[in-house]
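Trainee: Hi, have you got a few minutes to go through a structure with me? I'd like to pick out some loops and helices and talk them over.

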Amino acid sequence: MSSAQIEIQLIASLVAIACAIPGTFLVLRKMAMISDAISHSILPGIVIGFFITQDLNSPLLILLAAITGIITVVLVEYIQKTGLVKEDTAIGLVFPILFSIGVILIAKNANDIHLDVDAVLLGELAFAPFDRLLIAGTDIGPKSLWVIGCILIISIILLFSFFKELKVSTFDAGLAASLGFSPAVIHYGLMTVSSVTTVGAFDAVGAILVVALMIAPAATAYLLTTNLKRMLAYAIAFGVFSAISGYWLAHWLDASIAGSITTMLGLLFLAVYLFAPNKGVIAVLYREKQQRIEVSLLTFLLHLRNHNEEEERHVNHLNEHINWQKVRSKTVLELALKNNMILINENIVSLTDKGKDFTTQAIDYIITNEDAQIEHMKDDFFLFRG
């Protein structure tokens with residue numbers, strides 16, 4: 001593995017970590033699309049900063065881009081607060097205008113420099129190792145590595161310093177205000193960090209990958225946990241994994257690195273979306289199937305409790321009178337037997353003492369409708385435990 005390959009993967013990993021931190025809070029605040037708005041609308045700030053300094057490496061570009069990002073958030077919130085449009089509509093109104101201004105400025109005044117729309121949107125990590133940072137003639141590594149590294153350090157310091165404030169204001173702005181925090185200050189602070197992070201990653205990875213790295217890892221982590229610290233850790237891990245695996249996918253396919261990383265983020269989200277233990281599609285479908293069988297079992301046991309006639313308690317009664325399909329009938333009977341709720345003698349079904357006890361409590365639950373009671377019953381009786 002060459003030094004350039006190591007540097008590319010290191011830059012991509014640092015960008016992933018730096019984006020995952022604010023991205024987690026954006027997802028929790030249901031402001032995921034604001035990252036897309038910021039990543040596009042900061043373009044005029046970058047262009048204006050270049051016109052002033054004539055230097056793509058000037059810190060003024062980051063400062064003006066961050067200010068443009070804050071202006072974007074302010075404009076979106078101002079339009080939203082009028083009550084005439086919703087937040088997504090406000091975002092759709094603001095960032096295309098600002099981005100278009102940046103595109104026009106580039107097209108008219110910056111065609112002869114490395115500041116073009118393709119680079120802004122897509123970026124190219126493969127070129128990042130060639131843009132070196134020289135101090136007193138000494139090469140100390142890629143410029144992007146140092147820029148995003150410094151931004152990451154600042155983000156981590158701010159995260160540890162204001163973690164409690166971020167957590168409270170994210171989940172309950174009213175409580176934050178009553179505790180003396182200013183939700184507005186925390187909000188605009190988060191937007192500032194998001195803007196600065198976006199600018200820092202802009203030249204190396206482009207706007208599309210910045211948005212993907214901010215939102216996809218956090219959204220994937222949210223499917224696995226509701227614990228904020230664990231969600232941050234998962235988002236960082238998913239981002240770094242996608243950055244490294246995406247690089248090698250691009251290397252194998254001879255394709256765009258940014259596109260391959262985004263593809264890996266999408267595949268990772270799809271896998272978790274399908275197979276997450278609690279919120280995954282398969283888990284939800286399985287749980288719904290369990291609940292349907294549990295309801296059927298409860299219906300059957302209550303029927304046995306209310307009828308003493310043998311014809312009403314015959315095995316075939318499930319198919320003939322309750323009108324269940326044979327497969328479903330078999331499942332209900334097996335579950336009831338497995339949990340020692342019934343006995344079957346010459347195809348006549350009878351409740352056991354455990355079954356009678358359960359149906360008594362079930363009737364009490366139906367009458368009182370206390371959720372705590374049904375949870376207690378689930379722990380004490382069957383529900384697929386055998």
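Mentor: Happy to. Let's start with Asp254, which sits in the loop between helix H11 (228-253) and helix H12 (257-275). Keep in mind that this is a predicted model.

Trainee: Okay, is Asp254 buried or exposed?

Mentor: Asp254 has a relative accessible area of 72%, so it counts as exposed; the cut-off for that class is over 50%.

Trainee: And what about phi of Asp254?

Mentor: Phi is positive there, near 55 degrees, and Asp254 is a residue other than glycine.

Trainee: Where does Lys30 lie, and what is its phi?

Mentor: Lys30 lies in the loop between helix H1 (3-28) and helix H2 (32-41). Its phi is positive, about 60 degrees, although Lys30 is not a glycine. With 74% relative accessibility, Lys30 counts as exposed.

Trainee: Let me step back a bit. How many helices and strands does the protein have?

Mentor: There are 17 helices and four strands. The protein has 386 residues, and 46% of them count as buried.

Trainee: What about its accessible surface?

Mentor: That comes to about 20000 Å², with 63% belonging to carbon and sulfur atoms.

Trainee: And which share of the contacts is between residues 24 or more positions apart?

Mentor: Taking contacts with a separation of 6 or more, 65% are between residues 24 or more positions apart.

Trainee: Can we look at a helix now? What is the reach of H15 from first C-alpha to last?

Mentor: H15 covers residues 326-338, which is 13 residues, and it reaches 18 Å between those atoms, close to the 18 Å expected at 1.5 Å a residue. Its buried residues include Ser329, Val332, Leu333, Leu335 and Ala336. Seen down the axis of H15, the buried residues fall within an arc of 165 degrees, so they line one face of the helix.

Trainee: Which exposed residues are on the face turned away from that buried side of H15?

Mentor: Lys326, Val327, Lys330 and Lys338 are carried there. Asn340, which follows H15, has a positive phi near 60 degrees.

Trainee: How does the span of H13 agree with 1.5 Å a residue?

Mentor: H13 runs over residues 281-306, and its 26 residues should span 38 Å at that rate; the end C-alpha atoms are 38 Å apart, so the two agree. Among the buried residues of H13 are Gln290, Glu294 and His303, along with Phe300 and Leu301.

Trainee: Switching again: what is Ile148 in contact with?

Mentor: Ile148 is found in helix H7 (residues 143-161). Leaving aside neighbours within four places in sequence, Ile148 is in contact with Leu14, Val15, Ala18, Thr197, Gly200 and Ala201. Its relative accessible area is 1%, so Ile148 is buried. The C-alpha atoms of Ile148 and Phe202 are 9.9 Å apart, with their positions 54 residues apart along the chain.

Trainee: And Ala219, which helix is that in?

Mentor: Ala219 is found in helix H10 (residues 183-222). Beyond its neighbours within four places in sequence, Ala219 is in contact with Val27 and Phe269. Its C-alpha is separated by 8.0 Å from that of Ala235, 16 residues apart along the chain.

Trainee: Last one: which residues form the nonpolar patch on the surface?

Mentor: Leu63, Ile67, Ile71 and Leu75 form it, with about 340 Å² of accessible area together. Leu75 is found in helix H4 (residues 59-81), and at 35% relative accessibility Leu75 counts as partly exposed.

Notes:
Residues numbered from 1 in each chain as written. Predicted model: local features only at pLDDT ≥ 70, side-chain atom pairs only at ≥ 80, totals over all residues. Heavy atoms only, no water. Patch = residues over 30% accessible without salt bridge, like charges linked within 9 Å, V, L, I, M, F, W, Y side chains within 5 Å. Areas by Shrake-Rupley, 256 points an atom, 1.4 Å probe, with all protein chains shown as cover. Salt bridge = Lys/Arg side-chain N within 4 Å of Asp/Glu carboxyl O. Helix = DSSP H or I, 4+ residues; strand = E, 2+ residues; numbered from the N terminus. Buried < 20%, exposed > 50% of the residue type's maximum accessible area, 1.4 Å probe, protein only. Expected span 1.5 Å × (residues − 1). Arc of directions from axis to C-beta. Contact = heavy atoms within 4.5 Å.
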